Amino acid sequence: MDVSSRTMIGSLRQRMTKALTSFTAWAYEVIDAIGRCWFLLFATLFVGITIAFVPQGREALWAASGPAHAWQVRAFFITSTLGAVLVTLFASQILESRREDEIAGSGLRGHACFTVPGMLGLLAAFLVPLLLASLVGSSPFLLPQRRKELQELGILFQTLVMPAIVVARCPTVLAHLVRPWTLDRGQLLGSVGVLMFFLLSLVLSSSPFVTGALVLFVGLAILDGLWWQVGLGAATRRWRRWAGLVLSIGWIVAGCWVAAAPESRAPVIGSATVILFAVYFWLALAYVLFFFLGRWLSQGVSIALFITVLGLFLSGPFNMHSVRTIAAGQSASPAAQGQLSQHIDAWLETRRSEIESAGSPYPVFIVSAEGGGIRAAFWTAGLLCAIQDAEPAFSDHVLGISGVSGGSLGAATFAALVGEAQRSAIEVPQSDGDMGPLQSLAGKVLGRDYLSPVLATMLIPDAIACLLHGEWAADRAAVLERAFELGWRQAVGTDAFQDPMTALWRDAAMHRVPTLFMNSTEAASGQRIVNSPVVLDPGLSSAISLPVTIPPHSLRLSTAVLLSARFPAISPIASLGETAEDGPLHVVDGGYMDNSGTLTAAEVVEALAASAERMGLADRIRTIAIVITDEPIALNKQESNADRRSRAGIVSTAVGALLSPFETLNHVRKALAKKHCESLTTLIHGQGGEVLDGFALKASRVEFPLGWMLAPATRAALTQQIRDLKSDPRGDLQHIKNLIRAGQPQQ
């Protein structure tokens, strides 16, 4: 090898070594910059994972779609964009809080200080759409409507987010675009690049979202290589600092405005936007603190402060609140309160003539409604109202409804509609297409967004109260109760959910409106609690009868319902009966003990049999249990080997070690519910009765998530399944109509 060749190789090796060293140094500066902004990255990932991977989070985003919710789509986009700008400005302040000579002394460090905030801002804006695009791409069963909604959202992001971040981070770009002749070569290339990538983003709106987002990220990195020195000018840095403060103050004011009346204001912007709103509210507070204290906050001090705040939150009163009650003198005169056996005796006595003159055994229905959030409420109320619309005599044959969690809300909605219609307190509308009048009203009551008020309260006022170790009067449970009351009032026009629970059964309605048995769980002992206008006979049931602890007329119907539906975290543990000798009861969701409601239903069946025997009507009535389940079941579908391998792979990991106990508890809960259902079936059949369990929700291409809101497409899917049950001539719904008509008095 000659000398010239060795010289060329040596020169090439030097250039490669220098390039590799420069790249390594640049990568180090970028990683160091990201590390300094760790909590911004954490907040971004938290929001993305919550919305994209939690079923109720996706449901919240799907609900903000369609012409009827156009404002919610705009609110989500505006919140995402402004939040991305806030993340960008905050990250800039963190990285630029170092001494001037530290930044200016290293070109690589200065470039990282300028480009990392922009990248974090783009990530904050694009993470949710990117994760959703990934989920959509991996799900061949997703509705085409969902894909269209995601594409429309992607067009907004690809078109406008990057320009917003570029201008917010370096507003001199606009001046340079107006006066290009004043620019040097690099700045001119940067200006041209801004225009080119903006035009490219318009073109990419019709391409796969992931591709378009990747191009925008690369484009911003290239632009930063041309603009970063201009962007670190003293005037531009002052702009970012004060612009961030103004934006943060505005965000804090807006967050307080929403939190002041969450039941009416939060649904306007939608649940998905509320999640973003709350996270950026806290980032805005952190920005204001950093604005004034940043010079004293080193990386170590910041982490120590974060740990302190986290400790204050974890030790604060976040998970237990007192139940709001109606003060003495404010409630209407309470309905007569007696034991369950006495109530059933009176219920049968009011129907004695009908029972004795019936052509066949008089059908007495006892309903159990499974828990499952708003999904269960919509399904339960829709089914019961559909039966009532098809056969108006149905409610007169329903002795009681045992509900759990969302099933209690659906049962209460049905009972309240029946009661208000019997008292002529409401003007029953005409049928709405295939839906009858009561089913239509139930859909209006339960088709609202009840999740937004809860999230807005939980993430802002309740979190502040927890940090300050105080307890606000209007915690998220009280706000959800008020949201139920507002939803009912706006849909029906009365105050049934705001009135005392016993008002449903006052006067003549005492034995004409189905009795509610709403199931909860006592947190300390795991014992079942039953809330009802009647007291369970001590020898009949092992459950705690809530009317013994607190008078039923002191609880609003909305409060009574929520005592059965205290979801973990979403609703705090309820503390009530502080004056009791044994101390207060701590009440949680009824699904912990029995999510089916059939355990209480079986006790009502036993009480009915005893009363009928005592009154000489045992051979004149026929007990029929209606079992409503809302856990989506897949019919004729076997789990694939791939599904089993995937699940086994997760279980074998460290993540599986954390999730397995919860999965096991869920399987145990389902097994117990199945056991209670089988016991009810055995009991009913032993008495010559019948169990109608054909009211199970079927799985479909639409997700049916737990939570407190349903997207329009989800409500439509639930309604369609009810429509299918109504149209089935051999189904249980038609069978109920035949039983009632056969049991009518002979002419």
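I'm counting a residue as buried when its relative accessible area is under 20%. Worth jotting down before anything else: this is a predicted model.

**Ser545**

I started with Ser545, which sits in strand β6 (residues 544–545). Is Ser545 buried or exposed? Its relative accessibility comes out at 8%, so I filed Ser545 as buried. Next I checked where its side chain goes: it reaches the backbone nitrogen of Leu536 at 3.2 Å. Skipping residues up to four places away in sequence, I got Val530, Val534, Val535 and Leu536 as what Ser545 touches. So Leu536 turns up in both lookups, as the polar partner and in the list of touching residues.

**Cores**

Then I went through the nonpolar cores. The largest has 146 residues, and Phe394, Phe695 and Trp708 touch the most other members. Helix α13 (residues 271–293) supplies the largest share of this core, with 15 residues. There is also a second, separate core of 29 residues; Leu536 again, plus Trp347, Ala602 and Leu608, are among its members. General reminder to self: nonpolar side chains in soluble globular proteins tend to be buried together.

I pulled the contacts of Phe695 as well, ignoring neighbours within four places in sequence. Among them are Trp379, Leu383 and Ile387, the run Ile626, Val627, Ile628 and Thr629, and further along Leu725, Asp732, Leu733 and Ile736.

**Strand β7 and its partners**

Which residues of β7 (residues 573–576) face which way? Ile573 and Ser575 are on one side, Ala574 and Leu576 on the other, and all of them are buried, leaving both faces covered. That fits the usual pattern, in which side chains of a regular strand alternate between the two faces of the sheet.

For partners, I found β1 (residues 320–322) pairing with β7 in the parallel sense over three bridges. Within that pair, His321 stands opposite Ala574. Strand β8 (residues 585–589) is joined to β7 by three bridges too, but these two run antiparallel. Here I noted Ser575 opposite His586.

**Helix α19**

Last stop was α19, residues 406–422. How far do its 17 residues reach? From first C-alpha to last I get 24 Å, close to the 24 Å expected at 1.5 Å a residue. I also checked its surroundings: 15 of the 17 residues are buried, so α19 is largely enclosed by the rest of the structure. Just after the helix, Ser424 takes a positive phi of about 55°.

Conventions: Residues numbered from 1 in each chain as written. Predicted model: local features only at pLDDT ≥ 70, side-chain atom pairs only at ≥ 80, totals over all residues. Heavy atoms only, no water. Helix = DSSP H or I, 4+ residues; strand = E, 2+ residues; numbered from the N terminus. Expected span 1.5 Å × (residues − 1). Buried < 20%, exposed > 50% of the residue type's maximum accessible area, 1.4 Å probe, protein only. Core = buried A, V, L, I, M, F, W, Y, C linked by side-chain atoms within 4.5 Å. Contact = heavy atoms within 4.5 Å. Polar contact = N/O pair within 3.5 Å; in protein donor to acceptor, adjacent residues only side chain to side chain. Pairing = 2+ DSSP bridges.
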